[in-house]
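Visitor: I have a list of terms and would like to see how each one is justified. Could we go through them with the model in view?

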Amino acid sequence: MRKLRKPEHDQARAIPLRKIQEKVTELLEHSDDTSIADAVDMMISQGAYHVASDIHMEPWSDCLSLRYRIDGILQQIAVIAPEFQSKVVARIKVLADLVVYRKDVPQDGRIDAEKVSCGRPMRISTVPTVKGEKVVIRLLGDSPDLYDLDTLGFQGHVVKDLRELITRTQGTLLLTGPSSSGKTTTIYALLQEMMRLQKNTTNIVTIEDPVEYTMDRISQIQVNPHVEFTFANALRSILRQDPEVIMVGEIRDMETAKMAIQAGLTGHFVISTIHSGTAAGVFTRLLDMGIEPFLVASSVSGVLAQRLVRINCPDCAESYEPEALLFEHFNIKRNQGQYYRGKGCKACQGIGFRGRAAIGEFLIADQSIGECVLTRPTTAQLHKVAVSKGMEPLVEDAMKKARKGITTLEELVRVLPVAAG
């Protein structure tokens, strides 16, 4: 089971969340450039130590709000007095090599690992609002240990089927799910697995926006829309360089979709992501984008739909009785399992959850699925066929984790796209 915690030495450097406000205020009181730099480094590094995926600095009416997204949920950490707002934002922009005096346009940048004490690379986005500039910092993966297929949380049969699929010499594997559902982490784990299985005999090329984790023995390309270096243009170029495996960060338009699907038919194995609610919905999404049914049926080898659910803190999890409405929502009976939730403790800082695990439904596109796609089915029709062929729906995987005490029914309501019934 994957628990997204940092190594012990990082945990030792973490300040309790409730005390970060005090530390920020103490540093900013000096109001000199060194204190501002130290305060910004502390706010960013503490986000990394607490395993936040994102750090939000948002101007409110009377302050600059500091929030960490921990295990998918925003946690209010501190408020910064208005007189320090511009200085804090300016310091972040300096670290990210952004234009400090341009406060009227969005900017994107990157902070390299050596610029902050936590040693983590980060992606920075600033946007102007009516109350000032809002900054969002995405902390990028820094360890290959994060990308291990066996520790992501998927059920054993899903991992087994994924391993079988990525040994094929051609075809298309698509991952789907909302933003921050773990798709990129899963893709990196698959690429790591390919490198482990095939050593140096495979030419793997990725097209990403941005490159979040640098991998050895893989050619990674970062798109740049500002110079018209898009996913489609990059894909067109690398097809001339004899790749066996192509990873396209995201299929966003018909041109990219058509090129990726065709590449999967012509001796390449393609991995990409596309936005859809379910695995079956990916096929109808491709058809709606204008891809011919015979191309979809012939090229797509499998679709993995995934979400991330928060894991009950193992130090404070206790049995509880969920509300009656939750049993009705999932169409289950009260006596179908014992349910647990974290009550909050020092280890989880009172949150009740610690870490996240993936849930997923994996649709293997066999002959019956291909024949169904040729009829331009609805998502519901294709989903029914996939279930009849053995696909375990996303909600069933989720319910297994709830019954095992890994997560709560309330968490499943938050994460799953539709009711279980």
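## Terms and their grounds

Guide: In the protein chain of this predicted model, the mean position of the 51 positive charges and that of the 52 negative charges are 3 Å apart.

Visitor: Why is the protein chain called as compact as a globular protein of its length?

Guide: First, the chain holds 15 helices and 15 strands. Its radius of gyration is 23 Å, and the globule rule gives 22 Å for 421 residues; the two values are close, so the chain counts as compact as a globular protein of that length. Along its principal axes, the C-alpha trace spans about 70 × 60 × 40 Å.

Visitor: How much of the protein chain is buried, and what does the chain expose?

Guide: Of the 421 residues, 52% are buried. The chain exposes about 19,100 Å², and carbon and sulfur atoms supply 49% of that area.

Visitor: What share of the contacts between residues at least 6 apart in sequence joins residues at least 24 apart?

Guide: That share is 65% in the protein chain.

Visitor: Why is L66 called buried?

Guide: The cut-off for buried is under 20% relative accessible area. L66 has 0%, so L66 is buried. This residue lies in strand β2, which covers residues 64-70.

Visitor: Which residues does L66 touch, leaving out those up to four places away in sequence?

Guide: L66 touches I20, M43, I55, H56, M57, Q75, Q76, I77 and A78. As for I80, 14 residues from L66 along the chain, the C-alpha atoms of the two are separated by 7.4 Å.

Visitor: What makes strand β10 covered on both faces?

Guide: In a regular strand, side chains alternate between the two faces of the sheet. In β10, residues 245-248, V245 and M247 are on one side and I246 and V248 on the other. These four residues are all buried, and both faces are covered.

Visitor: How do you know that β10 pairs with β8 and with β11?

Guide: Two strands pair if there are at least two bridges between them. Four bridges join β8, residues 204-208, to β10, and the two run parallel. Between β10 and β11, residues 269-273, there are also four bridges, again in the parallel sense. As examples, T206 stands opposite M247 of β10, and F269 in β11 is the bridge partner of V245.

Visitor: What is the peptide bond between D209 and P210, cis or trans?

Guide: The bond is cis, with omega at about -5°. P210 lies in the loop between β8 and β9. Most peptide bonds are trans.

Visitor: What sign does phi have at E228 and at R376?

Guide: Phi is positive at both: about 60° at E228 and about 50° at R376. Neither E228 nor R376 is a glycine. Most residues other than glycine have a negative phi.

Visitor: Why is E228 called exposed, while R376 is called partly exposed?

Guide: Exposed means over 50% relative accessible area, and partly exposed lies between that and the 20% cut-off for buried. E228 has 63%, so E228 counts as exposed. R376 has 49%, so R376 is partly exposed.

Visitor: Where do E228 and R376 lie along the chain?

Guide: E228 is in the loop between β9 and α7. R376 is in the loop between α12, residues 367-373, and α13, residues 379-388.

Conventions: Residues are numbered from 1 along each chain as its sequence is written. This is a predicted model: local features need pLDDT of at least 70, side-chain atom pairs count only at pLDDT 80 or more; totals for chains, interfaces and linings use all residues. Side-chain values use heavy atoms; hydrogens and water are left out. Buried means under 20% relative accessible area, exposed over 50%, partly exposed in between (1.4 Å probe, protein chains only). Contact means heavy atoms within 4.5 Å. The radius of gyration is taken over C-alpha atoms; the globule rule is 2.2 Å times the number of residues to the power 0.38. Accessible areas come from the Shrake-Rupley method with a 1.4 Å probe; for residues, only the protein chains shown count as cover. Lys and Arg count as positive and Asp and Glu as negative; His and the chain ends are not counted. The place of a charge is taken as NZ of Lys, CZ of Arg, CG of Asp or CD of Glu.
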